[in-house]
Amino acid sequence: MESRSAILLSFLLLALLLTTTSAQLRSDLCKNTCPNVESLVRSAVTKKFQQTFVTAPATLRLFFHDCFVRGCDASVLIASPSEKDHPDDLSLAGDGFDTVIKAKAAVDSDSRCANKVSCADILALATRDVVVLAGGPSYTVELGRRDGRISTAAGVQRHLPHPNFNLDQLNAMFSSNGLTQTDMIALSGAHTIGFSHCGRFSNRIYKFSPKSRIDPTLNSAYALQLRQMCPINVDPRIAINMDPATPNTFDNAYYKNLQQGKGLFSSDEILFTDTRSKSTVNLFASNNGAFQQAFVTAITKLGRVGVKTGNQGEIRRDCTRIN
């Protein structure tokens with residue numbers, strides 16, 4: 001009986017901690033200290049986006065990789081040796097890092113804002129802005145995150161999903177960050193923009209199993225197309241669009257692709273082939289509004305993962321270095 005009470009108490013304390021943390025994030029947090037933070041970030045991000053579309057998927061992926069490792073604390077931005085050195089982070093595109101650095105410079109150029117907005121908050125704002133610029137939904141970004149002081153390659157291990165994950169593995173990883181299966185499927189929709197590299201999925205088109213060299217869940221015409229773009233012995237860093245239909249538009253085409261066997265990773269296609277998640281994929285494929293609403297809910301929850309607030313962490317003067 002005593003142990004049950006202790007377990008219940010620990011759950012209540014955890015719930016209180018999570019509630020307190022998210023409550024300390026507020027959309028109007030900067031209205032007195034840096035009232036134009038949103039326009040400053042948006043202007044810098046828009047300029048960067050106009051130079052290269054890669055800005056959008058690179059920034060969005062950077063936010064996800066940051067939040068899943070030590071929480072949303074901009075620890076992924078710290079210069080090497082850091083999280084950036086882990087194999088799972090080596091493919092993060094430089095344009096994402098550059099976007100945050102330029103947005104930080106724009107914010108700090110305003111005397112009212114200098115050193116008052118964290119790199120973590122700037123990354124969260126920039127992420128919303130690139131989603132909008134790519135044609136996705138706008139949403140309110142909660143602010144108040146502090147920047148973390150710890151960033152190690154070892155800390156990344158087993159904290160990010162892999163291209164060959166099944167549904168149970170995906171759900172377990174997202175659940176550990178307070179995200180539901182629906183949140184996971186909605187956030188996977190970010191694969192509607194951006195790219196991956198031949199080396200990340202070559203096993204699906206050349207050496208899937210002793211019985212079948214090509215993954216049978218792959219659309220056969222799509223598999224042959226991938227083979228043409230990623231021939232044997234090609235540079236594994238060659239980039240391939242995640243969404244073969246509308247790669248530069250944040251829409252629900254990703255889910256329509258899954259219905260046709262055109263998910264680039266097996267962790268994408270499993271969302272359609274596993275009966276437990278198939279209905280959600282079908283809903284998002286048929287209703288872009290439902291997808292966008294679920295995405296906004298999920299990315300807002302993602303932005304609360306493990307945040308440091310109050311006296312925790314710091315506000316970095318340089319996003320790549322601890323103060």
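Buried means under 20% relative accessible area, and that cut-off comes up again and again in the close-ups below. Keep in mind that this is a predicted model.

**Figure 1. A disulfide joins Cys67 and Cys72.**
Start with Cys67, which has a relative accessible area of 0% and so counts as buried. Its partner, Cys72, is buried too, because its relative accessibility is just 1%. The sulfur atoms of Cys67 and Cys72 sit 2.1 Å apart. If you follow the torsion about the S-S bond, you get 120 degrees, and the link is right-handed. New to this kind of link? A disulfide is a covalent bond between the sulfur atoms of two cysteines.

**Figure 2. Cys119 and Cys319 are bonded through their sulfur atoms.**
Here the sulfur atoms are 2.1 Å apart. The pair ties together distant parts of the chain, with Cys119 in helix α5 and Cys319 in the segment after α13, 200 residues apart. Which hand does this disulfide have? The torsion about the S-S bond of Cys119 and Cys319 is about -100 degrees, so the link is left-handed. Both Cys119 and Cys319 are buried.

**Figure 3. Cys198 pairs with Cys230.**
The two sulfur atoms are 2.0 Å apart in this disulfide. Distant parts of the chain meet here as well: Cys198 belongs to the loop between β1 and α8 (202-206), Cys230 to the loop between α9 and β2, and 32 residues separate them. With about -75 degrees about the S-S bond, the link of Cys198 and Cys230 is left-handed. Cys198 is buried because its relative accessibility is 3%, and Cys230, with a relative accessible area of 3%, is buried as well. Zoom out for a moment, and a search of the whole structure turns up four disulfides. Number the bonded cysteines of the chain in sequence order, and the pairing reads 1-4, 2-3, 5-8, 6-7.

**Figure 4. Two spots in the loop between α3 and α4: Ala74 and Pro81.**
A bit of background helps with this view. Most residues other than glycine have a negative phi, and most peptide bonds are trans. Now look at Ala74, where phi is positive, near 60 degrees, even though the residue is not a glycine. Is Ala74 buried or exposed? Its relative accessibility is 0%, so Ala74 counts as buried. Further along the loop, the peptide bond from Ser80 to Pro81 is cis, with omega near 0 degrees.

**Figure 5. Asn233 has a positive phi too.**
Phi of Asn233 is about 70 degrees, and this residue is not a glycine. You'll find Asn233 in the loop between α9 (220-229) and β2 (239-241). Buried or exposed, which is Asn233? With a relative accessible area of 78%, Asn233 is exposed.

**Figure 6. Helix α4 runs over residues 94-108.**
Try a quick ruler check on this one. At 1.5 Å a residue, the 15 residues of α4 should span 21 Å, and the end C-alpha atoms are indeed 21 Å apart, so the two agree. Which residues of α4 are buried? They are Gly96, Phe97, Thr99, Val100, Ala103, Lys104, Ala106 and Val107. As you read along that list, remember how a helix winds. An α-helix has 3.6 residues a turn, so residues three or four places apart point the same way. The buried residues of α4 pack against α2 (37-51), α3 (55-68) and α5 (119-133).

**Figure 7. The largest cavity has a volume of about 710 Å³.**
Its lining takes in 35 residues, and those nearest the centre are Arg61, Phe64, His65, His191 and Phe265. Which helix gives the largest share of this lining? That is α3, with seven residues. Other elements that supply at least two residues each include α6 (167-175), α7 (181-188) and α13 (288-302). Sort the lining by class and you get 22 nonpolar, nine polar and four charged residues.

**Figure 8. The second largest cavity has a volume of about 90 Å³.**
Among the residues lining this cavity are Phe63, Ala124, Tyr139, Glu142, Arg145 and Ile299. Helices α5 and α13 each supply at least two residues of the lining. By class, the lining of the second largest cavity has five nonpolar, four polar and two charged residues. How many cavities of 30 Å³ or more are there? The count comes to two.

Conventions
Residues numbered from 1 in each chain as written. Predicted model: local features only at pLDDT ≥ 70, side-chain atom pairs only at ≥ 80, totals over all residues. Heavy atoms only, no water. Helix = DSSP H or I, 4+ residues; strand = E, 2+ residues; numbered from the N terminus. Expected span 1.5 Å × (residues − 1). Buried < 20%, exposed > 50% of the residue type's maximum accessible area, 1.4 Å probe, protein only. Contact = heavy atoms within 4.5 Å. 1 Å grid on protein atoms, 1.4 Å probe; cavity = no way out; pocket = protein on both sides within 12 Å on 5 of 7 lines; lining within 4 Å. Points joined across faces, edges and corners; volume = space filled by probe spheres on them. Nonpolar A, V, L, I, M, F, W, Y, C, P; charged D, E, K, R; others polar. Disulfide = S-S within 2.5 Å.
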